[in-house]
Amino acid sequence: MTTANTSASQTNVPMVDLKAQFDSIADEVNDAVQQCVASCQYIQGPQVATFERAFASFCGVQQCVGVASGTDALHLACRAVGVGPGDEVIIPANTFVATAAGVCMAGGIPVLVDVDPNTSLIDVAQIESAITPGTKAIIAVHLYGQCANMDAVNTIAKQHGLSVIEDAAQAHGAQYRGRPAGSLGDIAAFSFYPGKNLGAYGDGGAITTNDARLAERVRMLGNYGAPRKYHHVEFGFNSRLDSLQAAVLSVKLNHLNAWNESRRRIADRYAEAWAFRSDVAITPCVDGNTHVYHLYVVRCADRDERLANLNATGVGAGLHYPAPIHLLPAYSWLDQPRGKFPNAESFAATCLSLPIYAEMTDEQIEHVIASL
Ligand SMILES: *Cc1c(COP(=O)(O)O)cnc(C)c1O
């Protein structure tokens, strides 16, 4: 992220500030890391089981299995629900590329559905027309930190005998009608990439579910396909959450609700600033959702100019995402023409993500507002 530094007195606002967050919890984290390092149980140490229990409870489910990344969580969740070679999996057209990659890693084919023009969440009215006899699952992405319309997704899935996977990589702590992300489908995938609302100090991920069978399958697939040591019953992978990352995550999980609350307070201030502007459209929080604002995304017709302006005034802004899945070179084989998913394409052309993180000062918040 580029943040031009034009004058010494200027307020700089990075897109995320992991240093400020670390400083606020340094003692706790250092203790946990030191204990873990001294214990020498770097793989599958007690820190992993402790974090898995705490995160399952946080998500209101029975099961959590740590894996090596959010992408792996999606991949292994797809395999666990039975996605295999040639199976179709419905995903929204506007999402991070990993949603599509997880499907492909399981041998499946991503089938895109356009998004709602206001929220950029999957447009549930368009899901049924994408279902074929080859469809196996739907991945609902809780994009930017708010949950997709899960009642509708689950109803459609039930009618057609499909599995529901939540991509909750941006939604740690989000709620849908009072129920937590991670408990809203058959199985959910989380990422602990450092910049996520709950981030490790390296790569990490997890699945959550109430289905002990699915949890055991993910655990086995991520452990060389072996339910017991050297008992390899199935082709498997090496995908585990490191003990060190689990130790860090357990410390940070205790702060997550407060951090998400701070993100909401900043979002409220932003919304107030732009509520009556025709040139800046905010992404609304849907009724019944508790948003955790992993990203604060506005839309502007003159997006590129504004992005340049923000960067010139020391504000780190970003684009989520500059291209929908079907227009990425890596997914040209899906053979979906430009114009096929107009809402996702319009989001890509106009979206602008502004800095939002718990440690932002009032001065930084007001600087972002003044700069835009
Ligand atoms: C970050 C992210 C992922 C991938 O997570 P990694 O840990 O980086 O592999 C998947 N889906 C979405 C929506 C994400 O934002």
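Mentor: Buried means under 20% relative accessible area, exposed means over 50%, and partly exposed is anything in between. Keep in mind that this model is predicted.

Trainee: Okay, is Arg277 buried, exposed or partly exposed?

Mentor: Check its value against those cut-offs. Arg277 has a relative accessible area of 34%. Buried needs under 20% and exposed needs over 50%, so Arg277 counts as partly exposed.

Trainee: Which residue forms a salt bridge with Arg277 at 2.9 Å?

Mentor: A salt bridge needs a Lys or Arg side-chain nitrogen within 4 Å of an Asp or Glu carboxyl oxygen. The closest N and O atoms here are 2.9 Å apart. The partner is itself partly exposed, at 31% relative accessibility. That partner is Asp279.

Trainee: Which residues are linked with Arg277 in a network of salt bridges?

Mentor: One of them you've just met: Asp279 pairs with Arg277. The network takes in another Asp and another Arg as well. Altogether, Arg277 is linked with Asp279, Asp302 and Arg306.

Trainee: How many residues apart are Arg179 and Asp151?

Mentor: Their side chains meet in a salt bridge, 3.4 Å from N to O. Arg179 sits in strand β7 (residues 179-180) and Asp151 in helix α5 (residues 150-160), so the pair links distant parts of the chain. Both ends are partly exposed, Arg179 at 37% and Asp151 at 29%. Along the chain they are 28 residues apart.

Trainee: Where does the salt-bridge partner of Asp362 sit?

Mentor: Asp362 is in helix α10 (residues 362-371), and its partner lies 97 residues apart from it. The closest N and O atoms of the pair are 3.7 Å apart. The partner is Arg265, partly exposed at 43% relative accessibility. Arg265 sits in helix α7 (residues 243-274).

Trainee: How many salt bridges does the structure hold?

Mentor: We've been through a few, including Arg179 with Asp151 and Asp362 with Arg265. For the structure, the count is 15.

Trainee: On to strands. Are the faces of strand β12 covered or uncovered?

Mentor: Strand β12 runs over residues 296-299. Tyr296 and Val298 point to one side, Val297 and Arg299 to the other, and all are buried. So, with each of them under 20%, both faces are covered.

Trainee: Which residue in β13 stands opposite Val298?

Mentor: Val298 is the bridge partner of Ile282, and 2 bridges join strand β10 (residues 281-282) to β12 in an antiparallel arrangement. Another 4 bridges join β12 to strand β13 (residues 351-354), also antiparallel. There, Val298 stands opposite Leu352.

Terms used:
Residues are numbered from 1 along each chain as its sequence is written. This is a predicted model: local features need pLDDT of at least 70, side-chain atom pairs count only at pLDDT 80 or more; totals for chains, interfaces and linings use all residues. Side-chain values use heavy atoms; hydrogens and water are left out. Buried means under 20% relative accessible area, exposed over 50%, partly exposed in between (1.4 Å probe, protein chains only). Two strands pair if DSSP finds at least two bridges between them.
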